Amino acid sequence: MGNKSVSLPTGNDFLAGLNDGREIWAYGEKVDNVITHPAFRNSALSIAKLYDALHDEKYQAILTTPCDTGSGGVTHPFFRVPHSVDDLIRDRDAIAQWARLSYGWLGRSPDFKASFLTTLGANPEAYGEYADNARHWYKRSQEELLYWNHAIINPPIDRNLPPDQIEDICIHVEKECDDGVIVSGAKVVATGSALTHYNFIAHYGLPVKKENLPWYAHYP
């Protein structure tokens, strides 16, 4: 028998989590339910199938491995920092198995951002005073198999101009407050965001001259 996966989310858990009040728009209309909307339902069900595979004894030997967080649970191998060639091969095999279940049509499946999330556990000290935050999100993402996407591209208003010259369009900090910050603006190419648990927002591209522009954060 494979690893026990009672702590891992099931497909139904994933689908139920999408009913969290998220605001999604498609073709100029607000989407009432991403699980039933024709633009999203097939992708949602396909992703649910990936989570269900974690509980299928036929796949568990490939798709699960013990967590390294001390939880005593298991996780998808690619959500854990590799330390050897064997670990890397195990990661590859798990990625390939999930891809086979969707016939390769889910390029932004839940393991997509795991390549970023594992850096949080591999070198949290790189984040300086926020090292504990890095450790927290590495642990939580691994144990809960959180599905992340990213939005790092500025709107293509004028590709000849740097972000600080189209500041009103690009996401930027408007004001810093005691309890946080107020931001305005947009990012684009947030592939999968209608179905993910968290959105990672960051700056990508040419260096910027203003401190309020390279905004890094995540949102549920």
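**Reasoning from values to terms**

Colleague: Why is Y198 called buried?

Modeller: In this predicted model, Y198 has a relative accessible area of 10%. Buried means under 20%, so Y198 meets the term with its 10%.

Colleague: What makes W137 count as buried?

Modeller: The relative accessibility of W137 is 15%. The limit is under 20%, and W137 is therefore buried.

Colleague: How do you know that W137 and Y198 form an aromatic pair, and why is the pair called edge-to-face?

Modeller: The ring centres of W137 and Y198 are 5.1 Å apart, and rings pair if their centres lie within 6.5 Å. The planes stand at 70 degrees; over 60 counts as edge-to-face, so both terms apply to W137 and Y198.

Colleague: What makes this a link between distant parts of the chain?

Modeller: W137 belongs to helix α6 (residues 131-144) and Y198 to strand β8 (residues 198-201), with their positions 61 residues apart. The structure holds 7 aromatic pairs. Ring pairs also join F14, Y51, W98 and Y147 into a cluster.

Colleague: What makes the phi of L145 notable, and why does L145 count as buried?

Modeller: Most residues other than glycine have a negative phi. L145 is not a glycine, yet its phi is positive, about 50 degrees. L145 lies in the loop between α6 and β5 (148-151). Its relative accessibility is 1%; with buried set at under 20%, L145 therefore qualifies.

Colleague: Why is the patch of D13, D52, D56 and E57 called negative?

Modeller: Asp and Glu count as negative, so the surface patch formed by D13, D52, D56 and E57 takes that name.

Key
Residues numbered from 1 in each chain as written. Predicted model: local features only at pLDDT ≥ 70, side-chain atom pairs only at ≥ 80, totals over all residues. Heavy atoms only, no water. Patch = residues over 30% accessible without salt bridge, like charges linked within 9 Å, V, L, I, M, F, W, Y side chains within 5 Å. Areas by Shrake-Rupley, 256 points an atom, 1.4 Å probe, with all protein chains shown as cover. Salt bridge = Lys/Arg side-chain N within 4 Å of Asp/Glu carboxyl O. Charge placed at Lys NZ, Arg CZ, Asp CG, Glu CD. Phe/Tyr/Trp six-rings, centres within 6.5 Å; stacked < 30°, edge-to-face > 60°. Helix = DSSP H or I, 4+ residues; strand = E, 2+ residues; numbered from the N terminus. Buried < 20%, exposed > 50% of the residue type's maximum accessible area, 1.4 Å probe, protein only.
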